[in-house]
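Visitor: I should like to be guided through the packing of helices and aromatic rings in a protein model.
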Amino acid sequence: MNIDLHDGRFRKLPWLVAPLLAVSALIVAGGAYGADLGFPALTLHTEADGQQTYSVSIQVLLLMTALTLLPGALMIMTSFTRIVIVLAILRQAMGLNQTPSNQVMVALALFLTMFIMAPVFERLYDDAIKPYLDDQATQTQALAQAGKPMRQFMLAQTRTADLNLFVSLKGEDKLEQIDQVPFSVLIPAFITSELKTAFQIGFLLFIPFLIIDLVVASVLMAMGMMMLSPMMISLPFKIMLFVLVDGWTLIIGTLASSFLV
């Protein structure tokens with residue numbers, strides 16, 4: 001298929017149609033070239049036991065699609081959500097709206113998530129990824145094995161009330177086996193439970209800093225310094241309190257231990 005870019009008719013095409021035609025030409029040419037080499041783009045092979053395997057091009061396409069969903073899965077299926085919310089509430093309670101920065105908080109939450117999820121990821125690799133790479137398991141078997149450690153982790157952190165809520169919303173009366181709960185029910189229940197837990201921890205973090213704000217505001221009112229901002233005076237005391245009690249160690253240790261089951 002040849003397209004003359006200097007053709008006057010091609011110049012008059014809308015700016016959106018011309019790229020589409022060019023891409024279509026490349027796809028057709030690539031498909032024809034792959035067919036000549038004996039590498040069809042779409043092939044589905046059925047094994048003797050009934051299992052189906054896809055061609056390499058489809059596997060690469062599925063892999064790239066999965067990589068685009070990986071950041072979302074990291075946020076909603078791991079400990080990342082609870083950690084980053086607690087850190088954000090802590091920063092707000094101390095009155096430090098920009099310190100630590102968002103990049104530092106996200107990086108801290110990410111590496112703490114990797115530390116907490118390390119046993120789950122190791123089991124996932126040993127049970128699913130390694131057998132698949134060694135040709136000891138098919139894609140379907142690897143996916144089934146990969147879901148087991150993630151399901152076990154999420155079930156351990158999910159409240160029964162939240163799980164029952166989404167089961168009822170799906171139209172089911174109850175679960176016969178909790179280990180067989182589908183991910184379409186487990187994931188929203190897990191997220192709801194994580195939000196509740198994060199806000200509960202954040203409420204406990206707010207109490208000592210709120211007491212400092214009340215004491216400083218009362219002292220300033222008694223001294224008649226109404227024009228002086230209480231936040232300006234209470235901020236050093238909050239930082240001093242947080243440093244004296246080794247706040248970062250307490251917060252990180254509490255978050256990490258809250259996921260131990």
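The following exchange concerns this predicted model.

Visitor: How are helix 4 and helix 8 oriented to each other: roughly parallel or roughly antiparallel?
Guide: Helix 4 covers residues 80-94 and helix 8 covers residues 183-222, and their axes lie 9 Å apart. The two pack at an angle of about 25°. Angles under 35 degrees count as roughly parallel. Helix 4 is therefore, with respect to helix 8, roughly parallel.

Visitor: How many nonpolar residues does the contact of helix 4 with helix 8 have?
Guide: Residues of helix 4, including Ile85, Ile89 and Met94, meet residues of helix 8, among them Leu205, Phe206 and Phe209. By class, the contact has 2 charged and 4 polar residues, and the number of nonpolar residues is 13.

Visitor: Are the rings of Phe209 and Phe242 stacked, edge-to-face or tilted?
Guide: Phe209 belongs to helix 8 and Phe242 to helix 9, 33 residues apart, and the pair links distant parts of the chain. The ring centres are 6.4 Å apart, with the planes at 40°. Planes under 30 degrees apart count as stacked and those over 60 as edge-to-face. An angle of 40° lies in neither range, so the pair is tilted.

Visitor: Is Phe242 buried or exposed?
Guide: Phe242 has 8% relative accessibility. Buried means under 20% relative accessible area. Phe242 therefore counts as buried.

Visitor: What kind of aromatic pair do Phe242 and Trp248 form?
Guide: Trp248 is partly exposed, with a relative accessible area of 37%. Its ring centre lies 5.3 Å from that of Phe242, and the planes are at 90°. Planes over 60 degrees apart count as edge-to-face, so this pair of Phe242 and Trp248 is edge-to-face.

Definitions and conventions: Residues are numbered from 1 along each chain as its sequence is written. This is a predicted model: local features need pLDDT of at least 70, side-chain atom pairs count only at pLDDT 80 or more; totals for chains, interfaces and linings use all residues. Side-chain values use heavy atoms; hydrogens and water are left out. Axes are lines fitted to C-alpha atoms, for helices over the stretch in contact, and angles run from 0 to 180 degrees between N-to-C directions. Helices (H or I, at least four residues) and strands (E, at least two) are DSSP runs, numbered from the N terminus. Angles under 35 degrees count as roughly parallel, over 145 as roughly antiparallel, 65 to 115 as roughly perpendicular and the rest as oblique. Contact means heavy atoms within 4.5 Å. Ala, Val, Leu, Ile, Met, Phe, Trp, Tyr, Cys and Pro count as nonpolar, Asp, Glu, Lys and Arg as charged, and the others, Gly among them, as polar. Rings of Phe, Tyr and Trp (its six-membered ring) pair if their centres lie within 6.5 Å; planes under 30 degrees apart count as stacked, over 60 as edge-to-face and the rest as tilted. Buried means under 20% relative accessible area, exposed over 50%, partly exposed in between (1.4 Å probe, protein chains only).
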